[in-house]
Amino acid sequence: MKKSIFYGCYHPRDDKDKKAGKELLPFTEQAIKYAKEDGLEGIEILPSNDLSASDGVEYAKVLRDRLDKEGIECSCFSHGLSMLYDPKQALVELKNCVDVAKILGSPFFHHTFQVSFKRDVPKDLSVYPSPIVLLSLVIMCSLGAQALKA
């Protein structure tokens with residue numbers, strides 16, 4: 001088993017280094033560098049300010065170069081996304097995430113299905129997954145399987 005870390009664990013260290021005036025890479029790249037410095041072999045990445053889930057394919061190539069340079073693997077690519085408000089757009093974003101995971105060399109794409117508990121949920125939606133959401137999840141899994149075979 002390889003030693004790996006969730007990249008978000010490096011936020012406090014990144015904040016401390018910024019306050020100390022250190023010149024840092026964009027956060028995800030810096031987290032990869034921290035993982036290498038800490039003797040780890042893998043890192044779990046998810047969309048953030050520097051890696052958009054909607055248009056991150058090009059930047060994923062930059063991250064892959066950083067991963068290769070540091071000798072770190074992307075152990076998992078994760079994304080949490082509510083599909084209640086715009087399931088069609090969410091499906092596009094999730095498909096893009098599968099593409100990003102493949103570029104990063106991740107053997108896994110982890111999606112956390114978020115159900116919103118906000119009071120402003122449209123009245124025509126319930127807290128139960130709608131057929132479109134369930135169909136979207138089936139399609140997403142199929143896309144993931146196809147991407148891994150390619």
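The exposed residues Glu58, Asp65 and Lys69 sit on the face of helix α3 that is turned away from its buried side. The structure is a predicted model, and helix α3 covers residues 57-70. The helix has 14 residues, and the distance from its first C-alpha to its last is 20 Å, close to the 20 Å expected at 1.5 Å a residue. Its buried residues are Tyr59, Ala60, Leu63, Arg66, Leu67 and Glu70. These residues span an arc of only 115 degrees around the axis, which puts them on the same side of α3. They pack against α2, β2, β3 and α4 (87-104). Just after α3 comes Gly71, which takes a positive phi of about 70 degrees.

One of the buried residues of α3, Arg66, also takes part in a salt bridge. Its side chain meets that of Glu29 at 3.8 Å, N to O. Arg66 belongs to helix α3 and Glu29 to helix α2, so this pair ties together parts that are 37 residues apart in sequence. Both Arg66 and Glu29 are buried. A further group, made up of Arg13, Glu37 and Asp38, is joined into one network by salt bridges that share partners.

In total, 10 salt bridges are counted in the model. Among them is the pair of Asp14 and Lys18, whose closest N and O atoms are 3.3 Å apart. Both residues lie in helix α1, and their separation of 4 residues is about one turn of the helix. Asp14 has a relative accessible area of 2% and is buried. Another salt bridge joins the side chains of Asp17 and Lys22, at 3.5 Å from N to O. Asp17 counts as buried, because its relative accessibility of 11% falls under 20%.

Aromatic side chains provide another set of contacts, with a count of 4 aromatic pairs. Tyr7 and Phe27 form a tilted pair, with 5.2 Å centre to centre and 55 degrees between the planes. This pair links distant parts of the chain: Tyr7 is in the loop between β1 (4-6) and α1 (11-19), while Phe27 is in helix α2 (residues 27-37), 20 residues apart. Tyr7 and Phe27 are both buried. A stacked pair is formed by Phe77 and Phe109, with 6.2 Å centre to centre and 25 degrees between the planes. Phe77 lies in strand β3 (residues 73-82) and Phe109 in strand β4 (residues 109-114), so the pair ties together parts that are 32 residues apart in sequence. The two rings are given separate classes of burial. Phe77 is buried, with a relative accessible area of 1%. Phe109 counts as partly exposed, because its relative accessibility of 23% lies between the limits of 20% and 50%. In addition, Phe6, Tyr7 and Phe27 form one aromatic cluster.

The confidence of the prediction was also examined. The protein chain averages a pLDDT of 78, and 69% of the residues score at least 70. Among the elements of the chain, strand β2 (residues 42-45) has the highest mean pLDDT, at 92. The lowest mean, 66, belongs to helix α5 (residues 131-149). Where pLDDT is low, the predicted coordinates should not be read in detail.

Methods. Residues numbered from 1 in each chain as written. Predicted model: local features only at pLDDT ≥ 70, side-chain atom pairs only at ≥ 80, totals over all residues. Heavy atoms only, no water. Phe/Tyr/Trp six-rings, centres within 6.5 Å; stacked < 30°, edge-to-face > 60°. Helix = DSSP H or I, 4+ residues; strand = E, 2+ residues; numbered from the N terminus. Buried < 20%, exposed > 50% of the residue type's maximum accessible area, 1.4 Å probe, protein only. Salt bridge = Lys/Arg side-chain N within 4 Å of Asp/Glu carboxyl O. pLDDT = per-residue confidence, 0-100. Expected span 1.5 Å × (residues − 1). Arc of directions from axis to C-beta. Contact = heavy atoms within 4.5 Å.
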